[in-house]
Amino acid sequence: MLVAEILEKRLIRPPDVFYYRLHAPLVAAKAKPGQFVIIRIHEKGERIPLSLADINPSEGTISLIVMCVGKTTSELATLQEGERIRDVCGPLGNPTHIENVGRVVLAGGGFGVAPLYPIGRAFRDAGNRVVTIMGARSKGLLIYGKEMESVSHRVAVSTDDGSAGIKGIITDALESELRENGADLVMAVGPAPMMEAVCRKTASFGVRTIVSLNAVMVDGTGMCGGCRVRVAGETKFACMDGPDFDGSLVDWDLLIRRQKMYKAEEKESFEAWKKRHGF
Amino acid sequence: MTDKSRGKKPAPRRVPVREQDPRQRRLNFEEVSLGYTPEEAVLEAGRCLGCRNRPCVSGCPVGVPIPEFVAAISRGDFASAYETIRNANMLPAVCGRVCPQESQCEGACTLGKKHDALAIGRLERFAADWRMRQRESGPAKPAPRKDVSGGGGRVAVVGSGPSGITCAYELARMGHKVTVFEALHELGGVLFYGIPEFRLPKKIVAAEIETLEEMGVEIRRNAVIGKLHDLEELMEKFDAAFVGTGAGLPRFMGIPGEDLNGVLSANEFLTRTNLMRAYRFPEYDTPIKTGRRVAVIGGGNVAMDSARTALRLGAESVTLVYRRGEEELPARAEEVHHAREEGVLFELCSLPTEITGEDGWANGLKCIRMELCEPDPLDAYEKSSSGLSRPGRKIPKPIEGSGFAIGADTVIVAIGTSANPLLTRSAQGLRLRRGYIEADPAGRTSLEGVFAGGDIVTGSATVISAMGAGRRAARAIHEYIASRKS
Ligand SMILES: Cc1cc2nc3c(=O)[nH]c(=O)nc-3n(C[C@H](O)[C@H](O)[C@H](O)COP(=O)(O)OP(=O)(O)OC[C@H]3O[C@@H](n4cnc5c(N)ncnc54)[C@H](O)[C@@H]3O)c2cc1C
Ligand SMILES: Cc1cc2nc3c(=O)[nH]c(=O)nc-3n(C[C@H](O)[C@H](O)[C@H](O)COP(=O)(O)OP(=O)(O)OC[C@H]3O[C@@H](n4cnc5c(N)ncnc54)[C@H](O)[C@@H]3O)c2cc1C
Ligand code: SF4
Ligand code: SF4
Ligand code: FES
């Protein structure tokens with residue numbers, strides 16, 4: 001059984017975004033940027049997919065950046081360094097296709113910045129000029145800035161309230177980057193509406209855009225079909241055919257609708273858990 | 001068989017088995033059939049004629065010595081009945097419950113010509129359950145085989161479904177060091193994630209599998225081959241590999257509305273329920289949705305299991321829609337019977353054409369009636385030569401103007417599965433046919449040292465045929481390793 005010890009845990013954006021470094025040497029030896037793992041905390045837990053925010057084969061570790069949005073992500077946050085996660089399955093999904101295309105723009109919203117760190121490093125190492133654009137509501141909500149700086153030629157920031165970088169939403173910062181420097185490839189990771197907005201923007205510039213789709217998953221191996229998405233009018237399984245797809249071909253309404261399939265149950269489970277734990 | 005029983009007239013009817021009341025059981029996940037008591041088992045076993053030509057044994061894909069074990073039961077020697085079965089079949093508690101006996105052992109039983117066939121499956125289950133009760137910690141560790149020489153090889157088994165665990169078990173008995181790689185966090189393949197608790201309690205699957213670990217087989221869960229390791233890598237570390245990854249990729253129909261919320265594959269529905277225990281949500285974290293009215297598309301075991309699970313999850317009505325007729329229903333006869341008793345409605349000879357919806361959620365299923373035509377001989381020939389479909393079955397054709405609709409807020413698609421490409425995509429040089437691995441009857445593939453069997457070779461079949469394949473492959477692997485050593 002792949003039980004993984006939490007070697008390091010940090011609150012990187014109060015109150016609810018945590019960084020975890022796990023001991024998982026087999027996964028670390030094999031994983032590539034853009035892939036994810038599915039974890040299950042304990043015997044009664046749900047399987048949830050999480051992107052790899054870093055991969056360190058020589059130390060045998062993988063890192064995750066997780067935002068507490070419901071029961072499982074919040075319960076994960078109650079675990080301490082030295083404690084174990086019962087199941088870690090991966091690496092899953094296809095690695096991001098990395099090649100030297102010239103100028104790459106990475107657009108990250110929310111936890112989406114996490115997978116962009118290893119992806120950015122790989123694009124940079126392949127000889128690309130990498131620009132990262134991070135968006136958040138305000139300065140305090142930005143994460144992973146330093147790490148992204150270390151793999152980017154430039155990091156541009158946008159905040160809704162103007163407390164850091166450009167005042168506005170992420171597509172504003174993206175637009176000025178595309179206007180000024182252009183791009184050969186854009187990679188966007190974040191909440192579905194953010195990725196959709198990015199794709200609409202890049203379409204007007206005619207820049208190819210790759211997105212990483214976060215459909216609801218169970219097994220992550222192509223067995224359940226729960227993660228199905230529509231790309232170019234065809235049904236694809238995000239876990240097996242993705243998670244990366246050409247963003248201009250994605251049926252976003254469908255993805256967003258399917259993400260909400262279990263909303264009522266998720267709420268019930270979270271509320272019950274909070275009550276039990278006195279939150 | 002004792003001479004005593006020969007010439008005696010057997011009772012025409014089989015001893016009935018106690019079952020949970022349909023009205024009660026449709027609301028719980030406990031096992032439907034309660035199994036024979038020792039007295040009932042002895043009585044039923046006494047019906048066996050002990051036929052010298054053993055037609056029942058030829059009906060069993062793994063050749064369980066049926067007359068012998070049945071005779072042992074009728075003598076009250078349950079321990080030796082168990083040992084006799086177990087020598088041929090590693091999972092008697094499972095097979096006794098889920099084999100399609102009517103088309104296998106029982107289908108060939110001499111008694112069946114005039115009377116009820118002997119209840120071989122129930123007797124097999126009785127012996128296995130009896131043994132399990134004797135020893136709390138699960139089934140006995142089988143003795144190593146003294147009749148084979150060699151051993152000492154290292155073998156990787158990919159997938160812990162019936163084919164994989166049987167192969168691992170046989171190899172371990174022959175003295176090889178086996179490591180099983182399983183993608184999920186539980187072992188058993190379809191036995192765990194697919195077949196529901198009320199038909200096959202998971203603790204029985206677990207107990208049968210525990211034996212593997214007792215025999216020194218190493219088990220790696222959460223290990224997706226093709227991702228965590230490639231087949232090529234395994235071949236560097238092991239002398240041989242067996243691939244038993246099943247046919248787990250759910251198929252959809254490609255009709256309008258299949259993307260609506262509330263439409264899901266049987267695999268997802270059953271995996272959430274069985275593997276993730278969503279029927280005990282929120283005690284277990286994984287949710288499941290069952291609407292008031294559920295439609296299930298398909299007519300096999302998977303469709304029956306989905307329909308009956310939906311009832312137990314609280315659906316008010318469950319309708320099963322199948323494009324052929326009653327006779328063609330591929331599910332086990334007992335399951336169809338149980339489903340009917342529990343109140344599942346059947347719309348036979350009906351083909352779904354569209355799933356309708358409102359606000360993004362399914363609300364109904366449009367269908368058209370079908371008539372069954374005689375098979376087109378040419379068509380049957382083509383299908384059978386492709387090796388993946390049964391020849392000679394009647395072909396359904398739509399009847400014009402016969403459209404109708406049923407209300408459904410959950411639609412479960414159980415029209416079959418195809419080969420999962422995760423492993424095969426990463427295996428260079430492995431010859432495939434329509435995604436399935438090409439293998440000879442002994443399981444040899446186009447790659448030296450790589451063997452395969454079960455659903456990944458044949459397409460969706462049965463537990464016992466997957467076990468048979470695992471067993472034959474184990475023998476071939478044993479010979480292969482021996483030939484390389486000499
Ligand atoms: C490929 C992929 C990579 C991801 N990477 C990250 C990451 O790096 N960091 C991070 O914080 N989050 C990531 N997510 C999202 C993460 O899986 C969900 O936040 C998590 O499952 C929520 O579980 P919960 O019980 O805490 O919340 P819930 O209350 O159960 O769910 C909240 C929302 O999360 C989504 N969700 C719920 N269950 C699942 C599931 N089984 N699979 C996918 N989404 C689900 C749904 O949209 C749901 O409405 C990723 C998702 C995918 C598909
Ligand atoms: C709901 C349902 C009900 C059924 N009912 C019956 C019945 O009543 N009677 C009967 O005889 N048959 C029944 N069947 C069919 C029977 O279960 C299958 O034919 C049988 O399980 C096939 O066995 P297998 O070993 O080939 O594969 P499976 O049982 O499918 O097991 C394959 C295993 O391999 C694992 N795996 C897949 N890919 C990888 C990978 N890349 N790396 C590692 N592991 C991997 C899977 O997770 C799985 O555990 C039923 C099937 C279903 C789905
Ligand atoms: S293994 Fe299946 S087919 Fe063989 S005797 Fe037992 S129940 Fe019958
Ligand atoms: S065919 Fe039937 S009656 Fe004859 S030995 Fe087999 S089980 Fe007994
Ligand atoms: S998560 Fe089950 S098929 Fe993708």
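Let me begin with helix α6 of chain A, residues 192–205, whose 14 residues reach 20 Å from the first C-alpha to the last, close to the 20 Å expected at 1.5 Å a residue. I should say at once that this is a predicted model, so please hear every value that follows as computed from that prediction.

Staying with α6(A), the residues that are buried are A192(A), M194(A), M195(A), E196(A), V198(A), C199(A) and T202(A). Those buried residues pack against two other helices of chain A, α5 (170–180) and α8 (252–259), and against the strands β9 (103–109), β13 (185–189) and β14 (209–212). Just after the helix comes G206(A), which takes a positive phi of about 65°.

Now to the interface between the chains, to which chain B gives 45 residues and chain A gives 47. The area buried between them is about 4100 Å², and carbon and sulfur atoms give 54% of that area. On the chain B side, K227(B), D259(B) and D285(B) supply 18% of the area that chain B buries against chain A, more than any other three residues.

Within chain B, the domain assignment gives domain 1 as 3–137, domain 2 as 154–248 together with 419–485, and domain 3 as 252–417. If we take the centres over C-alpha atoms, domain 2 and domain 3 of chain B are separated by 29 Å, and 19 residues of domain 2 are in contact with 19 residues of domain 3. Between them these two domains of chain B bury about 1700 Å², with 52% of it on carbon and sulfur atoms. Of the area that domain 2 of chain B buries against domain 3, 36% is supplied by Y193(B), F198(B) and R199(B), more than by any other three residues.

Let me turn to helix α4 of chain B, residues 66–74, which is largely enclosed by the rest of the structure because 7 of its 9 residues are buried. The buried ones are I66(B), P67(B), F69(B), V70(B), A71(B), A72(B) and I73(B), and they pack against α2 (38–45), α3 (55–59), α5 (78–88) and α8 (120–134) of chain B. Just after α4(B), G76(B) takes a positive phi of about 85°.

Two residues of that helix bring us to the ligands, since I66(B) is among the residues surrounding ligand 3, while P67(B) is among those surrounding ligand 4. The shell around ligand 3 also includes C60(B), C95(B), C99(B) and C105(B), along with E124(B) and I464(B), and by class that shell has 8 nonpolar, 3 polar and 1 charged residues. Around ligand 4 we find, among others, C48(B), C51(B), C56(B) and C109(B), together with G50(B) and T110(B); by class, this shell has 9 nonpolar, 2 polar and no charged residues.

Finally, a single residue, V344(B), which is found in the loop between α15 (333–342) and β9 (345–347) of chain B. Is V344(B) buried or exposed? With a relative accessible area of 5%, V344(B) is buried, because the cut-off for that word is under 20%. Leaving aside neighbours within four places in sequence, V344(B) is in contact with A307(B), R308(B), L311(B), V318(B), L320(B) and A339(B). The C-alpha atom of V344(B) is separated by 32 Å from that of S160(B), a residue 184 residues apart from it along the chain.

Technical notes
Residues numbered from 1 in each chain as written. Chains lettered and ligands numbered in written order. Predicted model: local features only at pLDDT ≥ 70, side-chain atom pairs only at ≥ 80, totals over all residues. Heavy atoms only, no water. Helix = DSSP H or I, 4+ residues; strand = E, 2+ residues; numbered from the N terminus. Expected span 1.5 Å × (residues − 1). Buried < 20%, exposed > 50% of the residue type's maximum accessible area, 1.4 Å probe, protein only. Contact = heavy atoms within 4.5 Å. Near = heavy atom within 4 Å. Nonpolar A, V, L, I, M, F, W, Y, C, P; charged D, E, K, R; others polar. Domains from an automatic or database assignment. Buried area = accessible area lost by both parts, 1.4 Å probe.
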